[in-house]
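Hi,

Here is the structure I promised to pass on. Please open it alongside this email, and then read on for what turned up in it.

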Amino acid sequence: MPLSLHNPFVQDVEDAPLSTFDTFHTVVKSVYGIGTFCMPIAFACTGYVGGILLTIFLSCLYIYGIHLTVKCMAEVSDRVGGEVTMGKAYAYASKSRIFGHFVNVLLILLHTSIAVLYIYFISENLKSVSNFIWETEVNTRIIVAVVTICIIPVFLIRDVQYLVPLNIAGNVLTLLIIGYVIVNTILKTLEVGKFEMAGSVIKYDVHLFVGCSVLSFSSVGVMVKIASKMAEPEKYLGWWGTLNRAACFVLCTNVIWGVISYGILGDTQYFPFLENYSFADGLQFKLVAAALVYLTYPLNGYVVVDTIFNEYINKTGDLNHPLRIEFIVRIIFLLISGCCALALSFALPIIKFICWLAFSLLNVGFPAYMKLTLGYDEYDRKWLWRVLHISIVVLGILVAYCIASSAFYDSKIYYTDKEPFWIKPNVEID
């Protein structure tokens with residue numbers, strides 16, 4: 001599709017301050033986090049070969065979905081003569097405002113669920129560290145409350161430009177964990193003189209891989225909304241645009257991290273993943289992991305606040321005291337996600353299911369459907385593109401089925417205390 005379709009997104013530099021460097025780190029940070037730490041467990045579902053192949057395939061599928069969404073939004077924006085949001089683009093393509101609102105609800109549910117998981121993840125890691133330091137059990141609810149309060153300062157940063165330093169810091173912390181594991185493995189190999197890879201070459205639990213790795217490749221809300229915040233949005237897409245470069249970087253780190261960690265731990269893994277390492281390393285990993293996820297929360301929450309505030313509260317742009325009201329919306333959203341995190345010990349599989357299902361629809365099925373409804377006037381061989389996008393819709397249904405199956409498996413384990421298939425009982429991990 002011609003890059004000129006991005007012209008409706010062009011704004012003054014003051015209103016769209018992100019450079020390609022800023023956008024690269026923002027896109028990478030939107031993916032780095034909980035999903036990254038799930039990659040070794042995902043590899044335990046499919047082995048080395050299956051894990052590498054599925055990582056490449058799902059990365060390409062999800063990022064192509066982002067390409068389709070941004071291109072279709074630009075096409076709709078060109079047709080209506082003004083900038084459009086994701087929900088409005090779907091409403092125009094489907095000729096139904098209800099469908100546009102449904103997309104917005106899914107987007108809000110997706111990123112709210114991720115926000116809840118972030119708070120719970122930070123709290124559980126800090127609880128584990130505090131239990132070790134003070135040798136006493138700390139109530140999880142107290143830690144969740146403290147974490148929620150501590151998020152307020154960074155979450156009140158409303159301009160995406162000023163989140164870039166937090167994003168860069170989070171990316172560095174993620175790479176520090178991965179680099180530490182790699183260097184430590186190399187040093188131990190040199191000391192012993194050999195390194196034996198644990199685990200299996202190939203396994204066939206594809207649906208569990210899809211479920212475990214669903215947040216490891218893409219963040220649909222951030223990746224779509226960030227395009228309109230660039231000073232040069234025409235550089236976002238393309239074969240070697242900012243989005244693809246960031247996706248390739250994430251893909252490489254996911255493969256390296258998944259292969260090396262799976263090679264160290266093999267099929268004997270515990271969940272959550274950071275419990276697999278020795279306690280000395282585990283404490284460091286947990287503190288660093290809690291810090292990097294803490295730095296990710298504002299970027300994820302930005303998607304929800306931007307959708308609610310600009311599409312429902314201030315959609316006409318003439319609201320009195322908009323800054324004050326936006327801060328109130330941010331505090332309410334943070335309190336809701338914190339309260340949900342308090343109840344997460346009971347509702348974890350349910351929140352995961354909502355998150356994963358919304359992700360599969362917004363990132364795979366819906367973008368292809370939107371392109372099918374908009375047509376292919378600028379394409380040659382229209383039938384070929386139609387077949388491709390119909391196939392992607394079918395793949396989206398299959399991904400949703402895999403996610404539902406994985407969520408059911410998680411629920412069965414979670415509510416019946418049954419051990420997952422990848423855990424071998426009575427095996428101690430150093």
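A salt bridge is a side-chain nitrogen of Lys or Arg within 4 Å of a carboxyl oxygen of Asp or Glu. Please keep in mind that this is a predicted model.

**Salt bridges**

By that rule, the count comes to seven salt bridges. A good one to start with joins the side chains of E75 and R79, with N to O at 2.6 Å. E75 and R79 both belong to helix α2 (residues 34–80) and sit four residues apart, about one turn of the helix. An α-helix has 3.6 residues a turn, so residues three or four places apart point the same way. How exposed are the two partners? E75 has a relative accessibility of 7%, so it counts as buried, whereas R79, at 39%, is partly exposed.

E75 has another partner too: K371 forms a salt bridge with E75, and their closest N and O atoms are 3.0 Å apart. This pair links distant parts of the chain, as K371 is in helix α12 and E75 in helix α2, 296 residues apart. Both K371 and E75 are buried.

You can also look at R330 and E326, whose closest N and O atoms are 3.3 Å apart in a salt bridge. R330 and E326 both lie in helix α11 (residues 322–342), four residues apart, and both are buried. Going back to the earlier pairs, salt bridges that share partners join E75, R79 and K371 into one network.

**Around S218 and F359**

Next, find S218 in the loop between α7 (206–212) and α8 (220–225). Is S218 buried or exposed? Its relative accessibility is 3%, so S218 counts as buried. The side chains of S218 and N363 are joined by a polar contact of 2.7 Å. Beyond its neighbours within four places in sequence, S218 is in contact with several residues, including V31, Y62 and F359.

F359 is part of helix α12 (residues 344–374) and is buried, with a relative accessible area of 1%. Not counting residues up to four places away in sequence, F359 touches Y62, L110, V214, S218 and V364. The C-alpha atoms of F359 and H111 are separated by 9.2 Å, although these residues are 248 residues apart along the chain.

**One helix to check**

Helix α6 (residues 164–192) has 29 residues, which at 1.5 Å a residue should span 42 Å; its end C-alpha atoms are 42 Å apart, which agrees. Among the buried residues of α6 are V164, L166, N167 and G170.

Enjoy exploring!

Methods
Residues numbered from 1 in each chain as written. Predicted model: local features only at pLDDT ≥ 70, side-chain atom pairs only at ≥ 80, totals over all residues. Heavy atoms only, no water. Helix = DSSP H or I, 4+ residues; strand = E, 2+ residues; numbered from the N terminus. Buried < 20%, exposed > 50% of the residue type's maximum accessible area, 1.4 Å probe, protein only. Polar contact = N/O pair within 3.5 Å; in protein donor to acceptor, adjacent residues only side chain to side chain. Contact = heavy atoms within 4.5 Å. Expected span 1.5 Å × (residues − 1).
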